[in-house]
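Got your viewer ready? Load the model, colour it however you like, and follow along stop by stop.

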Amino acid sequence: MRKFNIRKVLDGLTAGSSSASQQQQQQHPPGNREPEIQETLQSEHFQLCKTVRHGFPYQPSALAFDPVQKILAVGTQTGALRLFGRPGVECYCQHDSGAAVIQLQFLINEGALVSALADDTLHLWNLRQKRPAILHSLKFCRERITFCHLPFQSKWLYVGTERGNIHIVNVESFTLSGYVIMWNKAIELSSKSHPGPVVHISDNPMDEGKLLIGFESGTVVLWDLKSKKADYRYTYDEAIHSVAWHHEGKQFICSHSDGTLTIWNVRSPAKPVQTITPHGKQLKDGKKPEPCKPILKVEFKTTRSGLPW
């Protein structure tokens with residue numbers, strides 16, 4: 001059997017590469033370089049084009065869901081609006097101003113959506129056509145929008161502002177009604193200072209004529225829409241970030257800037273029935289727990305046994 005010599009193979013490869021390099025040097029002497037090809041393509045000959053959008057929208061700032069038609073709407077800080085339906089069904093829209101979307105409200109099962117932007121404009125979108133479009137727009141010139149609430153099957157949109165007032169918009173005509181809840185009438189003598197911007201508005205689950213208004217300073221007001229006056233006022237010494245009703249309409253819960261949760265009975269405005277610091281270290285001797293980071297959002301849910309959590 002003939003033996004295989006690896007050294008001879010390597011020598012042959014070295015000789016072949018050296019001879020090839022010599023041939024190249026003969027064909028292209030150092031003094032005569034190959035002429036450069038002039039490039040004729042310019043930047044204006046190309047155009048970028050979006051062909052597909054994949055994944056969750058970038059910089060989301062607002063979220064809404066229609067539980068009947070099962071449509072999810074996501075607003076972004078760049079004024080974009082993404083609509084998601086069943087798997088494979090989605091739509092992209094853009095507000096012309098490019099202002100951030102601060103809140104979205106569905107007209108449940110009506111194929112319509114209200115968007116509130118950081119430039120203090122409200123837009124009513126029609127979703128019942130192939131390409132969603134804006135039907136009406138409303139601009140707030142003197143007050144900045146901070147919170148919106150649209151009760152189920154209601155034609156009245158409640159708009160809270162930075163000044164602490166609440167304006168009521170007719171969704172059908174998309175015009176302001178003459179009904180305004182002024183901050184000084186809402187709090188009256190419960191506080192000597194301005195209560196701050198409106199951070200929450202919601203109607204009682206068992207009585208749509210009662211409106212719960214949360215102010216940033218820590219004041220909450222239960223407002224009677226028919227009598228146009230406050231039924232109760234609730235005061236806490238920490239700023240409010242979020243408020244949520246218990247489904248029976250007899251209690252509500254607030255989340256605060258120091259990481260506490262306060263639970264209130266509607267008919268007992270003097271003090272909360274319970275104060276919780278879920279993420280704080282509990283101290284002995286009944287001392288108040290150490291402050292934590294703010295709880296930005298709270299929901300009041302119940303289990304099958306009826307116990308709240």
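## Stop 1: a four-stranded sheet

Select β5 and strand β6 (residues 112-117): they run antiparallel and are joined by 6 bridges. Strands here are DSSP runs of E with at least two residues, helices are H or I runs of at least four, and both are numbered from the N terminus. Two strands count as paired if DSSP finds at least two bridges between them. This is a predicted model, in which local features need pLDDT of at least 70 and side-chain atom pairs count only at pLDDT 80 or more, while totals for chains, interfaces and linings use all residues. Residues are numbered from 1 along each chain as its sequence is written, and side-chain values use heavy atoms, with hydrogens and water left out.

Pick Q103 next, and you'll find A116 of β6 standing opposite. Now widen the selection to the whole open sheet, with 4 strands in the order β5-β6-β7-β8 and antiparallel pairing. Its edge strands are β5 (101-107) and β8, each pairing on one side only. From one strand to the next, the twist averages 20°; the angles are taken between N-to-C directions, from 0 to 180 degrees, with axes as lines fitted to C-alpha atoms.

Slide over to strand β7 (residues 121-126) and strand β8 (residues 133-139), an antiparallel pair with 6 bridges. Together β7 and β8 make a hairpin, with 6 residues between them. To see one of the bridges, show N126 and its partner A133 in β8.

## Stop 2: A112

Stay in strand β6 and click on A112. Is A112 buried or exposed? Its relative accessible area is 10%, so A112 is buried (buried is under 20%, exposed over 50%, partly exposed in between, using a 1.4 Å probe and protein chains only). Show its surroundings: leaving out residues up to four places away in sequence, A112 touches F106, L107, L124, W125 and L127. Contact here means heavy atoms within 4.5 Å. Then draw a C-alpha to C-alpha distance from A112 to L135: 9.5 Å in space, for 23 residues in sequence.

## Stop 3: R82

Jump back along the chain to R82 in strand β3 (residues 80-84). Why is R82 classed as buried? Because its relative accessibility is 6%. Turn on side chains and look for the polar contact between R82 and E90, at 2.7 Å. That term covers N or O atom pairs within 3.5 Å; within protein, one atom must be able to donate a hydrogen and the other to accept it, and residues adjacent in sequence count only if both atoms are side-chain atoms. Setting aside neighbours within four places in sequence, the residues in contact with R82 include R53, P57, L72, C91 and Y92.

## Stop 4: another open sheet

Select β13-β14-β15-β16, an open sheet of 4 strands in that order, again with antiparallel pairing. At the edges sit β13 (198-204) and β16 (229-235), each paired on one side only. Between strand β15 (residues 219-224) and β16 there are 6 bridges, and the two run antiparallel. T219 has T235 in β16 as its bridge partner.

## Last stop: zoom out

Show the whole protein chain: 2 helices and 20 strands. Of its 309 residues, 40% are buried.
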